[in-house]
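Here are a few short exercises to work through with the model open beside you. Try each task before you read its solution.

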Amino acid sequence: MIRRWAAVGLAATLMAGAAQAQISRDSSAPIDITADESEVINSQCVTIWRGDAEALQENNRLRAKVIKVYANPRSGAGENGQARCGDTNRLEAEGPVYYVTPNQTVRGDRAVYTAAEDTVVVTGDVIVVQGKNVARGSRLTLNNKTGEAKMELSVSGRNKPGRVRGVFYPDSKPASGAR
């Protein structure tokens, strides 16, 4: 079972003052995955979905060229001496990667969800969009346990191009008495 890949939706925490994401965190919801092909490698407890892979869970959508789902190996042998695989421990999406919810879109070149840490790391040209608000960087780390998010770049310094950037629009409600 893919557990909480919806955590990427927590990127909304980067949107200072923006509405909180309305993401379903029901990891028991069914997951519908489609791709041009699927390969199961039991010896490595991995299933690879290649070719415009798309995973849907409730109202959340993950799209990438390749989605790899890794499971924990279990002790002992299964039928015909094959390896036994347990719960999902990691999901890797190679892109471009798009994670789309009803309220926001996260784009990157690669995303890795790690179940043990309950974190999602999106790397590459990372763009988080919620409404008109936009945040950009090269590495987005989301902690699903704490709800904390961190956007980073390998570049630092005031005049360096490519720094972490966010553009946020305050509520556009007119102030009372405004003309």
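**Exercise 1. Work out the handedness of the disulfide between Cys 45 and Cys 85.**

Solution. Begin with the torsion about the S-S bond of Cys 45 and Cys 85: it is about -90°, so the disulfide is left-handed. Next, place the two partners. Cys 45 is in the loop between strand S2 (37–41) and strand S3 (46–57), and Cys 85 is in strand S5 (residues 83–100), so the pair links distant parts of the chain, 40 residues apart. Strands here are DSSP runs of E with at least two residues, and helices are runs of H or I with at least four, both numbered from the N terminus. Then check the bond itself: the sulfur atoms of Cys 45 and Cys 85 are 2.1 Å apart, where a disulfide is a pair of cysteine sulfur atoms within 2.5 Å. The structure holds one disulfide.

A word on the source: this is a predicted model, in which local features need pLDDT of at least 70 and side-chain atom pairs count only at pLDDT 80 or more, while totals for chains, interfaces and linings use all residues. Residues are numbered from 1 along each chain as its sequence is written, and side-chain values use heavy atoms, leaving out hydrogens and water.

**Exercise 2. Is Cys 45 buried or exposed? Classify Cys 85 as well.**

Solution. Set the cut-offs: buried means under 20% relative accessible area, exposed over 50%, and partly exposed in between (1.4 Å probe, protein chains only). Cys 45 has 5% relative accessibility, so Cys 45 counts as buried. Cys 85, at 29%, counts as partly exposed. For the whole protein, 34% of the 179 residues count as buried.

**Exercise 3. Find the backbone values that deserve a second look.**

Solution. Start with the rule of thumb: most residues other than glycine have a negative phi, and most peptide bonds are trans. Cys 45 has a positive phi, near 50°. Asp 118 also has a positive phi, about 55°; Asp 118 lies in the loop between strand S6 (104–114) and strand S7 (119–130) and, at 3% relative accessibility, counts as buried. Finally, the peptide bond from Gly 95 to Pro 96 is cis, with omega near 20°, and Pro 96 is found in strand S5.

**Exercise 4. Which charged residue lies over the face of Tyr 70?**

Solution. Apply the criterion: NZ of Lys or CZ of Arg within 6 Å of the ring centre and within 35 degrees of the ring normal. Arg 90 fits over Tyr 70, at 3.9 Å from the ring centre. Likewise, the charged end of Lys 132 sits over the ring of Tyr 169, 4.7 Å from its centre.
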